[in-house]
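The following note sets out comments on the model under review. The points are numbered for ease of reply.

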Amino acid sequence: MLTVVPEENTPADGPAGSPSLIDEIVREGARRMLAAALEAEVDAYIAELADQRDARGRRLVVRNGHAQPRQVMTAAGAVEVTA
């Protein structure tokens, strides 16, 4: 299926114009990949230390929420991620 991008969203608008549809798709893809990579890294870290317990038998390493969202610069531009 061929999608026609309206002229106001074409790369001819340059940096001062609105971002093109393809730029938004790339940014969203980059955001999702970064989020998935961070989640996998956290899950692996927690699993690696799952057998670490304190004197009362409670796990020493647990997940306790997420950090504040932050901007990460990529080739596609700034992408907001939550760690």
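1. Salt-bridge network. In this predicted model, a network of salt bridges connects Glu-28, Arg-31 and Arg-32. Within that network, the side chains of Arg-31 and Glu-28 meet at 2.7 Å, N to O. Both residues belong to helix H1, where a spacing of 3 residues places them about one turn of the helix apart. Arg-31 has a relative accessible area of 31% and is therefore classed as partly exposed. Glu-28, at 30% relative accessibility, likewise counts as partly exposed. In total, the structure holds 6 salt bridges.

2. A salt bridge from the helix to the loop. Glu-39 and Arg-63 also form a salt bridge through their side chains, with an N to O distance of 3.2 Å. This pair links distant parts of the chain: Glu-39 is in helix H1, whereas Arg-63 is in the loop between H1 and E1, 24 residues apart. Why is Glu-39 described as partly exposed? Its relative accessible area is 29%, and the partly exposed class lies between the buried limit of under 20% and the exposed limit of over 50%. Arg-63, at 33% relative accessibility, is also partly exposed.

3. The Asp-54 and Arg-58 pair. Another salt bridge joins Asp-54 to Arg-58, and the closest N and O atoms of this pair are 3.7 Å apart. The cut-off for a salt bridge is 4 Å, so the pair qualifies. Asp-54 is partly exposed at 28% relative accessibility. Arg-58 is partly exposed as well, with a value of 44%.

4. Overall arrangement. The protein contains 1 helix and 2 strands. Read from the N terminus, these elements follow the order α-β-β. The helix, H1, spans residues 21–48.

5. The strand pair. Strand E1, residues 70–74, and strand E2, residues 77–81, are paired in the antiparallel sense through 5 bridges. The connection from E1 to E2 is a hairpin of 2 residues. Which residue of E2 is the bridge partner of Gln-71? The partner is Glu-80.

6. Helix and C-terminal strand. Leu-38 is a residue of helix H1, and its relative accessible area of 29% makes it partly exposed. Along the chain, Leu-38 and Val-81 are 43 residues apart, yet their C-alpha atoms are separated by 9.1 Å. Among contacts in the protein with a separation of 6 or more, 31% are between residues 24 or more positions apart.

7. Nonpolar surface patch. Four residues, Leu-21, Ile-22, Ile-25 and Val-26, make up a nonpolar patch on the surface, and together they have about 350 Å² of accessible area. Leu-21 lies in helix H1. This residue is partly exposed, with a relative accessible area of 39%. Patch residues must have over 30% relative accessible area, so Leu-21 meets that requirement.

8. Burial and exposed surface. What percentage of the 83 residues in the protein is buried? Buried residues make up 11%. The protein exposes about 6,600 Å², of which carbon and sulfur atoms supply 58%.

Note on methods:
Residues are numbered from 1 along each chain as its sequence is written. This is a predicted model: local features need pLDDT of at least 70, side-chain atom pairs count only at pLDDT 80 or more; totals for chains, interfaces and linings use all residues. Side-chain values use heavy atoms; hydrogens and water are left out. Two strands pair if DSSP finds at least two bridges between them. Helices (H or I, at least four residues) and strands (E, at least two) are DSSP runs, numbered from the N terminus. Patches are made of residues with over 30% relative accessible area and no salt bridge: like charges are joined within 9 Å, nonpolar side chains (Val, Leu, Ile, Met, Phe, Trp, Tyr) within 5 Å. Accessible areas come from the Shrake-Rupley method with a 1.4 Å probe; for residues, only the protein chains shown count as cover. Buried means under 20% relative accessible area, exposed over 50%, partly exposed in between (1.4 Å probe, protein chains only). Contact means heavy atoms within 4.5 Å.
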